[in-house]
Amino acid sequence: MNRYILLTLLAIASIVLASALIRYSQIGPIATGAYRLLLAIPMLVVVNYSTHKPTQNTGAKLSFAVALPAVLAGVFFALDLSVYNLSVIYTTLAEATLLTNMVPFFVAPISIVFFKEKISPQFLFPVVLALAGLALLLGSSGSGNRHFSGDLLALLSALFYSLFFISIKSARNNYPAAKTMLIVCLVGGVTLLLIAMARHEAVFPNSGFGWLIVFLIAFFGQILGQTLLAYAMKYIPLNLSALFLLLSPVFAALFAVMMFHEWLSASQVAGISVILIAVHFGKKILDRSLSAK
């Protein structure tokens, strides 16, 4: 168990480090996100090839009905990365990482409106708690419109990630996980490149250091981080793994101090703490409501 806990913590730290490295990128933040997905494709191809067995049933054939959720997941993941990578530039790394983790508070209304799910009234408590923490966090920022815009972009990232989460869940019910992620990375990477070019971002690093940064972001964020996370979480309890994911803002705050001397005020720490508690209880109530069928 201890081994898998360490692997989970390493995975979370790797993913957060990839976010921090965005600030060193010589190209635009959205173009950087494109490289994160596109450079992961060769590894996914290798995984698909190495795990394929001619006599093994690999799941449903790739029909339109099967491919559509995976394509939508790729588009939503691209939108998630685009606004999140921008938020990292505009606001503190800890705030951006925290606010993009407020996924349960977007999944709940989406589930109620579009899937007619019944969510426990107890969910209102973490919602109110999260709003209080958010008010405390945003009210204590005091760094102008740019900082506030970064926080809003991080919240928008949580919305897009919620839509990605719902789409990928549907896709993986009908198609193998590795092949689904291959579609997601291809569609998401191309979508991010198109968005970056539409914004007239630089899309090619102009030095060896620039290429090194985009490779490190792909390695830590998509290859090492996501792969280790998917592997380790199979061997630890679900509640414990969900709790560990809430450590992302803690790692972000540590990296922000070490790399950018980006200190948080006491009010910001208090706001982050309240939101983390709200997300923890909100996810537990949401998971319990959605599984009670």
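# Reading helix packing in a predicted model

Q: Let's start with the core around α13. What covers the buried residues of this helix?

A: The cover includes α5 (93–99), α6, α7 (124–139), α8 and α12 (248–260). Keep in mind as we go that this is a predicted model.

Q: And which residues of α13 are buried?

A: General idea up front: an α-helix has 3.6 residues a turn, so residues three or four places apart point the same way. Now look at the list for α13: Gln268, Gly271, Ile272, Ile275, Leu276, Ala278, Val279, Gly282, Ile285, Leu286 and Ser289 are buried.

Q: How does the length of α13 compare with what its residue count should give?

A: Helix α13 covers residues 266–291, and at 1.5 Å a residue its 26 residues should span 38 Å. The C-alpha atoms at its ends are 38 Å apart, so the two values agree.

Q: Pick one residue of α13 for me. What does leucine 286 touch?

A: Leucine 286 sits in helix α13 and counts as buried because its relative accessible area is 4%, against a cut-off of 20%. Leaving out residues up to four places away in sequence, leucine 286 touches Pro104, Val107, Ala108, Ile119 and Phe123. For a sense of scale, take leucine 212: it is 74 residues from leucine 286 in sequence, and the two C-alpha atoms are 40 Å apart.

Q: Now helix pairs. How do α6 and α8 pack?

A: Two packed helices are described by the angle between their axes and the distance between the axes. Here, α6 (residues 104–115) and α8 (residues 145–172) pack at about 50 degrees, with their axes 9 Å apart. The pair is therefore oblique, and α6 passes α8 in a right-handed crossing.

Q: Which residues meet where α6 packs on α8?

A: From α6 you get Phe106, Val107, Ile110 and Phe115, and they meet Leu155, Ala158, Leu159, Ser162, Leu163 and Ile166 of α8. Sorted by class, that contact of α6 with α8 has nine nonpolar residues, one polar and no charged.

Q: What about α1 and α12, at what angle do their axes cross?

A: Roughly 50 degrees, and the axes of α1 and α12 come within 9 Å. That makes α1 oblique to α12, and the crossing of α1 past α12 is right-handed. On the α1 side the contact is made by Leu9, Ile12, Ala13, Val16, Leu17, Ala20 and Leu21, and on the α12 side by Ser248, Phe251, Ala252, Phe255, Met259 and Phe260. The classes come out as twelve nonpolar, one polar and no charged.

Q: Zooming in on alanine 20: is it buried or exposed?

A: Buried, because its relative accessibility is 0%. Alanine 20 belongs to helix α1 (residues 2–21). With residues up to four places away in sequence set aside, alanine 20 touches Leu93, Met259 and Phe260. Proline 249 is a nice example of sequence versus space: it lies 229 residues from alanine 20 along the chain, while the C-alpha to C-alpha separation is 12 Å.

Q: And α2 with α9, what is their crossing angle?

A: The axes of α2 (residues 29–38) and α9 cross at roughly 160 degrees and come within 8 Å. Since anything over 145 degrees counts that way, α2 is roughly antiparallel to α9. Here α2 passes α9 in a left-handed crossing.

Q: Which residues of α2 and α9 meet?

A: On α2 they are Ile30, Ala31, Gly33, Ala34, Leu37 and Leu38; on α9 they are Cys185, Leu186, Gly188, Gly189, Val190, Leu192, Leu193, Ile195 and Ala196. By class, the contact of α2 with α9 holds twelve nonpolar residues, three polar and no charged.

Q: Last topic, backbone torsions. What is the phi of lysine 116?

A: Most residues other than glycine have a negative phi, and most peptide bonds are trans. Lysine 116 goes the other way, with a positive phi of about 55 degrees. You'll find lysine 116 in the loop between α6 and α7, and its relative accessible area of 67% makes it exposed.

Q: And where is histidine 200?

A: In the loop between α9 (177–198) and α10 (208–232). Histidine 200 also has a positive phi, near 60 degrees, without being a glycine. With a relative accessible area of 73%, histidine 200 is exposed.

Note on methods
Residues are numbered from 1 along each chain as its sequence is written. This is a predicted model: local features need pLDDT of at least 70, side-chain atom pairs count only at pLDDT 80 or more; totals for chains, interfaces and linings use all residues. Side-chain values use heavy atoms; hydrogens and water are left out. Axes are lines fitted to C-alpha atoms, for helices over the stretch in contact, and angles run from 0 to 180 degrees between N-to-C directions. Helices (H or I, at least four residues) and strands (E, at least two) are DSSP runs, numbered from the N terminus. Angles under 35 degrees count as roughly parallel, over 145 as roughly antiparallel, 65 to 115 as roughly perpendicular and the rest as oblique. A crossing is left-handed if the near helix is turned anticlockwise from the far one by less than a right angle, and right-handed if clockwise. Contact means heavy atoms within 4.5 Å. Ala, Val, Leu, Ile, Met, Phe, Trp, Tyr, Cys and Pro count as nonpolar, Asp, Glu, Lys and Arg as charged, and the others, Gly among them, as polar. The expected span of a helix is 1.5 Å times one less than its number of residues. Buried means under 20% relative accessible area, exposed over 50%, partly exposed in between (1.4 Å probe, protein chains only).
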